[in-house]
Amino acid sequence: MTEVTIYHNPRCSKSRATLAILEAQQADIKTVKYLDNPPDVATIKSLLKKLNLGVRDILRNGESEYKEHNFADPHLSDDELITLLATHPKVMQRPIVSTEHKAVIGRPPENVLSLFND
C-alpha cells in the first residue's frame, strides 16, 4: 500500500475529489489540513523538491493574501517567498499530495494517479 500525505482543504472541491481518488486507490493516507496546520519552511522546501517546481509555481495568485502580502514582488527571493507562504498557507496550490520521493498537485485530481504508477 502506498503511503501518501495530502495537504488538504476540505472546502475545496478539487481537494475533496483528490482525496476520494486516494481512498479508491486504498492508499495509506495522512491528511494534513494545511490551513489549520501550515507546513513549515522545511516541509515546503521538501515539497518543492519532490514536485520539481519553484515556489512561484505553487502560488495561487487569485487569493486576496497573495495581493495583501505582495507575493508578486519580483524582488522577493525564493527563501523569502517560502517563509511568507509558511505564514500564509492559503496562497499555496491545493491539494498537494506527496509520497516519500515524489509529489504532485491535484489539479486535476487525476494527477495523483501518477504516484501509483512507479
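Modeller: Before we look at anything, one definition: two strands pair if DSSP finds at least two bridges between them. A case from this model, which is a predicted one: Val4 has Ile29 of β2 as its bridge partner.

Colleague: Good. How many bridges hold β1 and β2, and in which sense do they pair, parallel or antiparallel?

Modeller: The general idea is that strands of a sheet pair through backbone hydrogen bonds, in either a parallel or an antiparallel way. Here β1 and β2 are parallel, with six bridges between them. Strand β3, residues 96-98, pairs with β4 in the antiparallel sense over three bridges. Val97 is matched there with Val104 of β4.

Colleague: In what order do the strands of the sheet run?

Modeller: The order is β2-β1-β3-β4, four strands in an open sheet with mixed pairing. β2 (28-33) and β4 (103-105) are the edge strands; each has a single partner, so one side of each has no neighbour in the sheet. From one strand to the next, the twist averages 20°.

Colleague: And β1, how many of its residues are buried?

Modeller: Five of the six, so to count them you need the cut-off: buried means under 20% relative accessible area. That leaves β1 mostly covered.

Colleague: Which strands does helix α1 lie across?

Modeller: α1, residues 13-24, lies across β1 (3-8), β2 and β3, and runs at about 165° to β1. Helix α2 (residues 41-51) also packs on the sheet; α2 touches β1, β3 and β4, and its direction is at about 90° to that of β4.

Colleague: How do I check the length of a helix? What should α1 span?

Modeller: Count 1.5 Å a residue: the 12 residues of α1 should span 16 Å, and the C-alpha atoms at its ends are 17 Å apart, which agrees.

Colleague: Which residues of α1 are buried?

Modeller: Ser15, Thr18, Leu19, Ile21 and Leu22. Those residues cover an arc of only 160° around the axis, which puts them on the same side of α1. The idea behind this is that an α-helix has 3.6 residues a turn, so residues three or four places apart point the same way. Among the elements covering the buried residues of α1 are β1, β2 and β3.

Colleague: What about α4, which of its residues are buried?

Modeller: Leu81, Ile82, Leu84, Leu85 and Ala86. The buried residues of α4 pack against α2.

Colleague: Now the cores. Which residues of the largest nonpolar core touch the most other members?

Modeller: In general, nonpolar side chains of soluble globular proteins tend to be buried together. Here the largest nonpolar core has 22 residues, and Tyr7, Ile58, Leu59, Phe71, Leu85, Met92 and Ile96 touch the most other members. Two or more residues come from each of α2, α4 (78-87) and β4, and α4 gives the most, with five. A second, separate core has 10 residues, including Val4, Ile6, Ile21 and Ala27.

Colleague: Leaving aside its neighbours within four places in sequence, what is Ile96 in contact with?

Modeller: With that exclusion, Ile96 contacts Thr5, Ile6, Tyr7, Leu47, Leu51, Ala103, Val104 and Ile105.

Colleague: I always look for cysteines. Is Cys12 buried or exposed?

Modeller: Cys12 is buried, at a relative accessible area of 5%. It sits in the loop between β1 and α1. Beyond its neighbours within four places in sequence, Cys12 contacts Arg94 and Arg107.

Colleague: Which loop holds Gln93?

Modeller: The loop between α4 and β3. At 17% relative accessibility, Gln93 counts as buried. Outside its neighbours within four places in sequence, the contacts of Gln93 are Asp57, Ile58, Leu59, Arg60, Ile105 and Arg107.

Colleague: Last topic, the backbone. Which residue does a cis peptide bond join to Pro95?

Modeller: The rule of thumb is that most peptide bonds are trans, and most residues other than glycine have a negative phi. Here Arg94 and Pro95 are joined by a cis bond with omega of about -15°, and Pro95 lies in the loop between α4 and β3. The bond from Arg107 to Pro108 is cis too, with omega near 0°; Pro108 is in the segment after β4.

Colleague: And what phi does Asn52 have?

Modeller: A positive one of about 60°, though Asn52 is not a glycine. Asn52 is in the loop between α2 and α3 (64-68) and is exposed, at 68% relative accessible area. Asn70 has a positive phi of about 60° as well; you'll find Asn70 in the loop between α3 and α4, partly exposed at 42% relative accessibility. Just after α1, Gln26 takes a positive phi of about 55°.

Terms used:
Residues numbered from 1 in each chain as written. Predicted model: local features only at pLDDT ≥ 70, side-chain atom pairs only at ≥ 80, totals over all residues. Heavy atoms only, no water. Axes fitted to C-alpha atoms, helices over the stretch in contact; angles between N-to-C directions. Contact = heavy atoms within 4.5 Å. Core = buried A, V, L, I, M, F, W, Y, C linked by side-chain atoms within 4.5 Å. Buried < 20%, exposed > 50% of the residue type's maximum accessible area, 1.4 Å probe, protein only. Expected span 1.5 Å × (residues − 1). Arc of directions from axis to C-beta.
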